[in-house]
Amino acid sequence: MHALTSSRLLAGLLLGVGMLMPPALSAANPTPDDPATQVRAAFDAWRVGTGNVFDLLADDVVWTVAGDSPVSGVYRSREAFLRDAVAPITARLATPIVPELQQLIARDDHVVAIWEGRATALDGRVYRNHYAWHMRFEHGRIVEVVAFLDTWALVRLME
């Protein structure tokens, strides 16, 4: 198959599944309240210890942790998510999770962050996990998240 034809087919496929935005829809000059800009800034703040993505959550966020882990499930508020999912994880860590954002994909009010987090567990082991968070924004706040992660790594930490 001709390389140009292959490239067009791949671009069409990515566009069809929402992973590539046509030039007319891409944000050439994102604004500070653009969801992708907000998420990138939150990850930067998290990495240096001055904030995190959870600062962007609406009070009534619906956060779903996919899979089968001790914290998998649906949390129907920021408070419930932080208390019942985040706190049990951080209680087992000697250091904060340091995120490394690997890819950010955005379209309209949806942002997908692919990232890796590392920390040191209380027992001295390295906790390393890979994440994909699909976030939906309304009025500048995250109102819905589906979080995918390596549940085996999380189970080992929680044991």
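This is a short talk on the fold of one protein chain, taken from a predicted model.

Some ground rules. The model is predicted, so local features need pLDDT of at least 70 and side-chain atom pairs count only at pLDDT 80 or more, while totals for chains, interfaces and linings use all residues. Residues are numbered from 1 along each chain as its sequence is written, and side-chain values use heavy atoms, with hydrogens and water left out.

Let's start with the overall layout. The chain has 4 helices and 6 strands. Both are DSSP runs, numbered from the N terminus: helices are H or I with at least four residues, strands are E with at least two. From the N terminus, the order is α-α-β-β-α-β-β-β-β-α. There are 159 residues in the chain, and 35% of them are buried. Buried means under 20% relative accessible area, exposed means over 50%, and partly exposed is in between, with a 1.4 Å probe and protein chains only. Now contacts, which means heavy atoms within 4.5 Å. Take the contacts with a separation of 6 or more: 47% of them join residues 24 or more positions apart.

Next, the sheet. In what order do the 6 strands stand? The order is β2-β1-β6-β5-β4-β3, in an open sheet with mixed pairing. β2 (73-75) and β3 (98-107) are at the edges with a single partner strand each, so one side of each has no neighbour in the sheet. Neighbouring strands are turned by 15° against each other on average, direction ignored. For such angles, axes are lines fitted to C-alpha atoms, for helices over the stretch in contact, and angles run from 0 to 180 degrees between N-to-C directions.

A word on pairing. Strands of a sheet pair through backbone hydrogen bonds, either parallel or antiparallel. Here, two strands pair if DSSP finds at least two bridges between them. Strand β1 (residues 57-65) runs parallel to β6, with 5 bridges joining them. V65 stands opposite A147 in β6. W63 has V145 of β6 as its bridge partner. On the β5 side, M135 is also a bridge partner of V145. β5 and β6 pair in the antiparallel sense, over 8 bridges.

Those two strands form a hairpin, with 2 residues between them. H139 sits in that turn and has a positive phi of about 50°. H139 is exposed, at 81% relative accessible area. Look at D108 too, in the loop between β3 and β4. Its phi is near 55°, again positive in a residue other than glycine. D108 is exposed, at 64%.

Now the helices on the sheet. Helix α2 (residues 35-48) packs on the sheet and touches β3, β4 (110-120) and β5. Its direction makes about 180° with that of β3. Helix α4 lies across β5 and β6, at about 120° to β5.

Let's stay with α4, residues 151-158. Which of its residues are buried? T151, A153, L154, L157 and M158 are. Down the helix axis, they fall within an arc of 155°, so they line one face. That arc is taken from the directions from the helix axis to the C-beta atoms. These buried residues pack against α3 (78-90), β5 (126-138) and β6 (141-149). At the N-terminal end, D150 is the cap: one of its side-chain oxygens lies 3.0 Å from the backbone nitrogen of W152.

One residue links several of these pieces: N129, in strand β5. Buried or exposed? N129 is at 0% relative accessibility, so it counts as buried. Its side chain makes a polar contact with the side chain of Y127, at 2.9 Å. A polar contact is a pair of N or O atoms within 3.5 Å; within protein, one must be able to donate a hydrogen and the other to accept it, and residues adjacent in sequence count only if both atoms are side-chain atoms. Leaving aside neighbours within four places in sequence, N129 contacts W115, E116, G117, L149, D150, A153 and L154.

Last, the core. A nonpolar core is a set of buried Ala, Val, Leu, Ile, Met, Phe, Trp, Tyr and Cys residues joined through side-chain atoms within 4.5 Å. The largest one has 40 residues, and W133 and M135 touch the most other members. At least two residues come from each of α2, β1, α3, β3, β4, β5, β6 and α4.
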